[in-house]
Amino acid sequence: TFGRVLEGAAMPALGELLAGLGEEAEVALLAQGVDPEAVVASRRAALRYEGSDSALEVPVTFPAQMRQEFEALHKARFGFEAPETAVVIETAVVEALGRSSPGFPGEGDQPKAGGGAERSEEERLRLRLRRPSTALRAVPLPRKSGGGFQSE
């Protein structure tokens, strides 16, 4: 469970949650026969403006960098930013990828001339774990007014 404002004080708890999800993901992939050396996990957080229900995922880094990426994505998707509005970490996300045999083409492999990278005998295993927030509270929804936001 999460639902905390994106700030430095929230990062240790987010890190603990992501570590637990990462362990779950690795155990699940190992149970499917994935070589432990072949497991790669990415850690992301679904962020939203406080009072909004539209979350966008960004890599977990530092709070200022996460906010900057979130606002760029938000502006691209919804056409505006709200720098005066708090950003909430809604969900922790771990996506783990693995391979079932050696020699699996990696993410950076270039496609072959005839199409995609060869994956004839290899199988790509993917597991995505999310922990949504249940600690949300009711707040007034911001409405767009002129160039900014106002609470109703």
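**Exercise 1. Placing Ala 9**

Find where Ala 9 lies relative to β1 and α1, and decide whether Ala 9 is buried or exposed.

*Solution.* Start with the position: Ala 9 sits in the loop between β1 (4-5) and α1. This is a predicted model, so every value below is computed from predicted coordinates. Next comes accessibility: Ala 9 has a relative accessibility of 53%, and the cut-off for exposed is over 50%, so Ala 9 counts as exposed. Finally, look across the fold: Ala 9 and Pro 63 are 54 residues apart in sequence, while their C-alpha atoms are 9.6 Å apart in space.

**Exercise 2. The overall layout**

Work out how many helices and strands the protein chain has, and in what pattern they follow along the sequence.

*Solution.* Begin by counting: the protein chain has two helices and seven strands. Then read along the sequence, which gives the pattern β-α-β-β-α-β-β-β-β. Now turn to contacts. Taking those with a separation of 6 or more, 64% join residues that are 24 or more positions apart. For the surface, the protein chain exposes about 9000 Å², and carbon and sulfur atoms supply 50% of that. To finish, buried residues make up 31% of the 152 residues.

**Exercise 3. Helix α1 from end to end and side to side**

Compare the expected span of α1 with the distance between its end C-alpha atoms, then say which residues of α1 are buried and which are exposed on the face turned away.

*Solution.*

1. Helix α1 covers residues 11-31, which makes 21 residues. At 1.5 Å a residue the helix should span 30 Å, and the end C-alpha atoms are 30 Å apart, so the two values agree.
2. The buried residues of α1 are Met 11, Leu 14, Leu 17, Leu 18, Leu 21, Gly 22, Ala 25 and Leu 29. Seen down the axis of α1, these buried residues fall within an arc of 140°, so they line one face of the helix.
3. A general point helps here: an α-helix has 3.6 residues a turn, so residues three or four places apart point the same way.
4. The face of α1 turned away from the buried side carries Pro 12, Glu 16, Glu 23, Val 27 and Ala 31, which are exposed.
5. Ala 19 is also found in α1, and at 36% relative accessibility it counts as partly exposed. The C-alpha atoms of Ala 19 and Val 94 are 8.8 Å apart, although these residues are 75 residues apart in sequence.
6. Just after α1, Gly 33 takes a positive phi of about 90°.

**Exercise 4. The nonpolar core**

Identify which residues of the largest nonpolar core touch the most other members, and which element gives the most to this core.

*Solution.* The largest nonpolar core has 26 residues, and those touching the most other members are Leu 6, Leu 14, Leu 47, Met 66, Phe 70 and Ile 89. Next, sort by element: α1, β2, β3, α2 and β4 each supply at least two residues of this core. Helix α1 gives the most, with seven residues. For a closer look, take Ile 89. Leaving out residues up to four places away in sequence, its contacts include Phe 2, Val 5, Leu 6, Leu 14, Ala 45 and Leu 47.

**Exercise 5. Three salt bridges**

The structure holds three salt bridges. For each pair, determine which elements the partners lie in and how accessible they are.

*Solution.* Recall that side chains of opposite charge can pair when their charged atoms come close.

- Arg 44 and Glu 57: the closest N and O atoms are 3.4 Å apart. Arg 44 lies in strand β2 (residues 40-49) and Glu 57 in strand β3 (residues 56-59), so the pair ties together parts 13 residues apart in sequence. Arg 44 is partly exposed, at 25% relative accessibility.
- Glu 90 and Arg 48: the N to O distance is 2.9 Å. This pair links distant parts of the chain, with Glu 90 in strand β4 (residues 87-99) and Arg 48 in strand β2, 42 residues apart. Glu 90 is buried at 18%, and Arg 48 is buried at 8%.
- Glu 71 and Arg 67: the closest N and O atoms are 3.0 Å apart. Both partners lie in helix α2 (residues 63-78), and being four residues apart, they are separated by about one helical turn. Glu 71 is buried at 11%, whereas Arg 67 is partly exposed at 21%.

Methods
Residues numbered from 1 in each chain as written. Predicted model: local features only at pLDDT ≥ 70, side-chain atom pairs only at ≥ 80, totals over all residues. Heavy atoms only, no water. Salt bridge = Lys/Arg side-chain N within 4 Å of Asp/Glu carboxyl O. Buried < 20%, exposed > 50% of the residue type's maximum accessible area, 1.4 Å probe, protein only. Expected span 1.5 Å × (residues − 1). Arc of directions from axis to C-beta. Contact = heavy atoms within 4.5 Å. Areas by Shrake-Rupley, 256 points an atom, 1.4 Å probe, with all protein chains shown as cover. Core = buried A, V, L, I, M, F, W, Y, C linked by side-chain atoms within 4.5 Å.
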